[in-house]
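Visitor: I am new to this structure and should like to be guided through it step by step. Please show it to me before we begin.

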Amino acid sequence: GGVGKTRLAIQVGYELLELYPQGVWLVELAPLANPELVPQALITLFGLPDDARRSAWMVLADYLREKTTLLILDNCEHVLAEAAALVDAIVKHCPRVTVLATSRARLGLSGEQVMSVDPLAVDSSGGPAVTLFLDRARAVRPDLDHGPANRDAIVTVCRQLDGLAHDRRLQDVVREQHEEQEGHRHHRRRTQAGGQAHEDHHGESHEPADLRDQRGEGRPDAQ
């Protein structure tokens with residue numbers, strides 16, 4: 001997970017909006033703990049009433065039969081069999097409906113077209129993964145520097161992320177590095193302040209003599 005399937009699917013949906021008069025619909029399957037709730041997720045999304053006389057499949061088929069729409073079924077892998085059955089039924093009974101599914105595994109349906117989304121490339125000079133990292137990281141730290149001093153560190157981070165375009169992981173890493181850098185700066189400030197205080201302390205040990213000398217105390221001609 002985390003390779004960017006959802007983001008890519010949503011972008012495809014945006015670009016194809018004009019081709020689907022009845023809209024593009026995102027069906028998020030990740031929250032479903034019970035695979036049997038896959039059809040219900042669509043019924044809830046479309047706001048369809050429950051019908052005890054018909055199965056959820058029939059309710060959906062009747063609703064979508066004449067519609068020209070794109071359904072994006074996101075994260076099918078943990079409900080794969082049920083998602084595949086749903087897609088198969090929709091494709092057979094609703095010829096104007098297109099289904100785009102994201103999953104770590106194929107649905108295994110006849111006519112299924114598979115597009116693999118691989119991790120982005122990372123090399124010593126950067127690469128697509130570094131470009132995406134900087135784009136996401138600057139959302140957290142707009143002042144992030146990509147100069148020679150930071151290039152190796154950023155490449156290392158991208159390799160640790162396996163070139164995956166996962167926003168939360170990127171943001172976590174950037175935030176951790178930022179906190180670590182702030183800790184180092186704070187430590188240096190404390191060290192510098194401690195050194196100054198040490199110097200001031202020694203200065204104070206001589207200050208009374210200097211003050212007494214300025215007041216004329218302790219000198220033979222002060223009487």
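Visitor: What share of contacts in the protein between residues at least 6 apart in sequence join residues at least 24 apart?

Guide: Contact here means heavy atoms within 4.5 Å. Among contacts between residues at least 6 apart in sequence, the share that joins residues at least 24 apart is 69%.

Visitor: On what basis are such values given?

Guide: This is a predicted model, in which local features need pLDDT of at least 70 and side-chain atom pairs count only at pLDDT 80 or more, while totals for chains, interfaces and linings use all residues. Residues are numbered from 1 along each chain as its sequence is written, and side-chain values use heavy atoms, with hydrogens and water left out.

Visitor: In what order do the elements of the protein run from the N terminus on?

Guide: Helices (H or I, at least four residues) and strands (E, at least two) are DSSP runs, numbered from the N terminus. The protein has seven helices and three strands. From the N terminus on, their order is α-β-α-α-β-α-β-α-α-α.

Visitor: Which strands stand at the edges of the sheet?

Guide: Two strands pair if DSSP finds at least two bridges between them. The three strands form an open sheet with parallel pairing, in the order S1-S2-S3. Each edge strand has a single partner, so one side of each is left without a neighbour in the sheet; these strands are S1 and S3.

Visitor: Which residue in S3 stands opposite Ile-72?

Guide: S2 and S3 run parallel and are joined by five bridges. Opposite Ile-72, in S3, stands Leu-100.

Visitor: At about what angle to S2 does H1 run?

Guide: Axes are lines fitted to C-alpha atoms, for helices over the stretch in contact, and angles run from 0 to 180 degrees between N-to-C directions. H1 lies across S1, S2 and S3, and its angle to S2 is about 175°.

Visitor: Why are the buried residues of H1 on the same side, and how wide is their arc?

Guide: Buried means under 20% relative accessible area, exposed over 50%, and partly exposed in between (1.4 Å probe, protein chains only). In H1 (residues 5-15), the buried residues are Lys-5, Ala-9 and Gly-13. They are on the same side of H1 because the arc they cover around the axis, taken from the directions from the helix axis to the C-beta atoms, is only 75°.

Visitor: What covers the buried residues of H1, and which residues are exposed on the other side?

Guide: The cover of the buried residues includes strand S1 (24-28), strand S2 (69-74) and strand S3 (97-101). On the other side of H1, the exposed residues are Tyr-14 and Glu-15.

Visitor: How far apart are the C-alpha atoms of Val-24 and Val-99?

Guide: Val-24 lies in strand S1 and counts as partly exposed, at 23% relative accessibility. Leaving aside neighbours within four places in sequence, Val-24 is in contact with Gly-13, Leu-17, Thr-69, Leu-70 and Ile-72. Val-24 and Val-99 are 75 residues apart along the chain, and their C-alpha atoms are separated by 9.8 Å.

Visitor: How far apart in space are Thr-68 and Leu-19?

Guide: Thr-68 is placed in the loop between helix H3 (56-64) and S2. Leaving aside neighbours within four places in sequence, the residues in contact with Thr-68 include Leu-19 and Arg-96. Thr-68 and Leu-19 are 49 residues apart in sequence, and their C-alpha to C-alpha distance is 8.3 Å.
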